Amino acid sequence: MHGWMRIRPMNDFPAPMAMNVEAIASAVQDGDLSAREVTLAALARIAAIEPHVRAFLGVESAAALRDADDIDERRRRGQRLGRLAGVPIARKDNLSLTGRATTCASRILEGYVSPLTATAIERLRAEDAIFVGRTNMDEFAMGSSCENSAFQTTANPWDLSRVPGGSSGGSAAAVAAGAVPLALGSDTGGSIRQPAALCGVVGLKPSYGRISRYGLVAFGSSLDQIGPISRDVRGAALALEVMSGVDARDSTSSTNVPPSILESIESGIAGLRIGLLREIPEDGLDEPTRRAWSDARSRLERLGAELVDISVPNLPAAIAIYYVIANSEASANLSRFDGIRFGLRVGSGGLEEIYSATRTEGFGSEVKRRIILGTFALSAGYYDAYYGRAQGSRRALRAQFSRAFADVDLIATPTTPGGAFALGERTSDPLAMYLSDIFTTPANLAGLPAIAIPCGLDDTGMPLSLQLMAAPFAEAGLLRAARAFERDFPWSFAPVLPGVNPAA
Amino acid sequence: MSLSLEEVRRSAALSRLQLTAAEEVLFAAQLARIVEYIDQLDQFESLDATTAPAAAGAMAEDRPEPFADPGQLLELAPESRTPFFVVPRMLAGDARMDADPSDE
């Protein structure tokens, strides 16, 4: 049980980084804290953790302090501040913010400065949130460990020899290490939920269409969603409320009216029917996960939910379907990186030579592997056997989920088959890396909202996580259940960082 | 089925990517395992996916709008001459065209 030695109370973070999203916002609104004080505290914490965690690709101190001073000035003039007043937020490095770098952790976008701001970020800033920096990720969001970044690896704050998960690993690590109370990620097959699980924080992938993706660099367009990573469920709910809603600049953003989530978030789960999938392979979970998963089910039942066995027969096919569809879409989306309009240009010969020299030098190994796989699946002679077949199985999976949700309100699974693995453990075996996404890819394929919440620690003190999924656009019920679980299992643990925490 | 070295080369060329000989061998082995894994799809239910899926919610109308500052976009290009992106010559008269008929 030596692992427990790494754990300390979350409220040990240097003030005000021990506060959650809502507490910071209300303190700044009421004038108990200035936005500048909060921002300086976040910047100081980032500086302290970065030598160990390496969560950030860029820290935007000057811009963040300018925003903070503007907020403080408006308060002095008597203006009412926004719902996220002074809350420091980190953004994954595939989300655009005008005038600031956005690289997707790729050499091909090194030095690129974004000419536009993502709608999700614009809406958070309109509520006076402060963007403090961009976080590390797997290159173009392709990976489950952050090890595919072209620039650096990020360490899991709970154990610096392990991965933080991916692809939004920098965002999850930054929240877990107390650098920011809230960060943005993107989730194509689990890229918000899996790192949130491995870092012991809350990660929410909203319904497909819930949040505009304008300004998010596209990976798999039928799967991608932006979402929050937060220290608590209410923080994620607040961010979701602010970011949600239709946007003329993204035709896939839904006209479905965003619900008021916080209004009903404390009302519990008594009477809710929660589905347990027969297809979950118990032997595919490691022992501590199996125990935590069993405890989580008992807890949900004790809270008044009715647990119901359900079946989604195509669930075991989810990873196969996902890797065909996501990579086919990626091979098309990433064709825009050709050395002509932005980013890196290599070679000075003909057009074809520039295309291929630029892409060959600019993309890392995993990105190349996936583009080639996607191109193969879409190519003449193989299209029906791979892309067509995957689409057919995906359609069946969606229909099966839709039948399941006629019977239950939510579906519960573990978020991952095990806790964080060691850095370097899976880099040489792409398939082994892909298989850790078994529980997260189905929600993307079916467009469902899903949330990862901490539910325990394994024998070495690493966090484990419960996933809840709901029918499309049923986020209110999803977050209500997550909040009920969190209230009953208050997650007050944080990692000890050697040489950073006073307790270490 | 698995993925041959020849298919890896063909897909890489279509992807505008050059692989070293060592990468070709490594990718062929890794992709063969992945494709073999994908082949299990045969065992699962499949529905007709040739028609568009019923949208989970109505999607917003796709309305193009002019970008506020197109000059800023040109500044991001490796090479530009307002209002154009500069690319290598592609039309007849370029000797490379004759040498490389794949540039259709």
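**Exercise 1. The hairpin of β11(A) and β12(A)**

Determine which residue takes a positive phi in the hairpin of β11(A) and β12(A), and describe how these strands pair.

*Solution.* Step 1. In this hairpin, five residues lie between the strands, and G461(A) has a positive phi near 85 degrees. The model under study is predicted.

Step 2. Strand β11 of chain A spans residues 450-457 and pairs with β12(A) in the antiparallel sense, over seven bridges. Within this pairing, P454(A) is found opposite S465(A) of β12(A).

Step 3. β12(A) also pairs with strand β10 (residues 410-414) of chain A, again in the antiparallel sense, here over five bridges. In β12(A), L466(A) has P414(A) opposite it.

**Exercise 2. The two sides of β12(A)**

Assign the residues of β12(A) to the two directions in which they point, and state whether they are buried or exposed.

*Solution.* Step 1. In a regular strand, side chains alternate between the two faces of the sheet.

Step 2. One direction is taken by P463(A), S465(A), Q467(A) and M469(A), and the other by L464(A), L466(A), L468(A) and A470(A).

Step 3. The criterion for a buried residue is 20 or more other C-beta atoms within 10 Å of its own. All the residues named in Step 2 are buried. Strand β12, residues 463-470 of chain A, is accordingly described as mostly covered, with eight of its eight residues buried.

**Exercise 3. The partners of β6(A)**

Identify which strands pair with β6(A), and state which residues of β6(A) are buried on each side.

*Solution.* Step 1. Strand β6 of chain A comprises residues 202-205, and both of its faces are covered. V202(A) and L204(A) are buried on one side, G203(A) and K205(A) on the other.

Step 2. β6(A) runs antiparallel to strand β7 (residues 225-230) of chain A, to which two bridges join it. β6(A) also pairs with β11(A), in the antiparallel sense and over three bridges.

Step 3. G203(A) figures in both pairings: I229(A) of β7(A) stands opposite it, as does A452(A) of β11(A).

**Exercise 4. The setting of D338(A)**

Explain why D338(A) counts as buried, and locate this residue in the chain.

*Solution.* Step 1. D338(A) belongs to the loop between α9 (318-333) and α10 (351-362) of chain A.

Step 2. D338(A) has 20 C-beta neighbours inside 10 Å and therefore counts as buried.

Step 3. When neighbours within four places in sequence are left aside, the contacts of D338(A) are Y355(A), T358(A) and R359(A).

Step 4. A443(A) lies 105 residues from D338(A) along the chain, and their C-alpha atoms are separated by 32 Å.

**Exercise 5. Chain A as a whole**

Explain why chain A is judged as compact as a globular protein of its length.

*Solution.* Step 1. Chain A contains 15 helices and 13 strands.

Step 2. Its radius of gyration is 21 Å, and the globule rule gives 23 Å for 504 residues; these values are close, so chain A is as compact as a globular protein of that length.

Step 3. Of the 504 residues in chain A, 63% are buried. Among contacts between residues at least 6 apart in sequence, 76% join residues at least 24 apart.

**Exercise 6. The contact between the chains**

State how many residues of each chain take part in the contact, and which helix of chain B gives the most.

*Solution.* Step 1. The contact involves 46 residues of chain B and 60 residues of chain A.

Step 2. On the side of chain B that touches chain A, at least two residues each come from α1 (5-14), α2 (21-38) and α3 (70-75) of chain B. α2(B) gives the most, with seven residues.

Step 3. This side of chain B consists of 27 nonpolar, eight polar and 11 charged residues.

Methods. Residues numbered from 1 in each chain as written. Chains lettered and ligands numbered in written order. Predicted model: local features only at pLDDT ≥ 70, side-chain atom pairs only at ≥ 80, totals over all residues. Helix = DSSP H or I, 4+ residues; strand = E, 2+ residues; numbered from the N terminus. Rg over C-alpha atoms; globule rule 2.2 N^0.38 Å. Buried ≥ 20, exposed ≤ 12 C-beta atoms within 10 Å, placed from the backbone. Contact = placed C-beta atoms within 7 Å. Pairing = 2+ DSSP bridges. Nonpolar A, V, L, I, M, F, W, Y, C, P; charged D, E, K, R; others polar.
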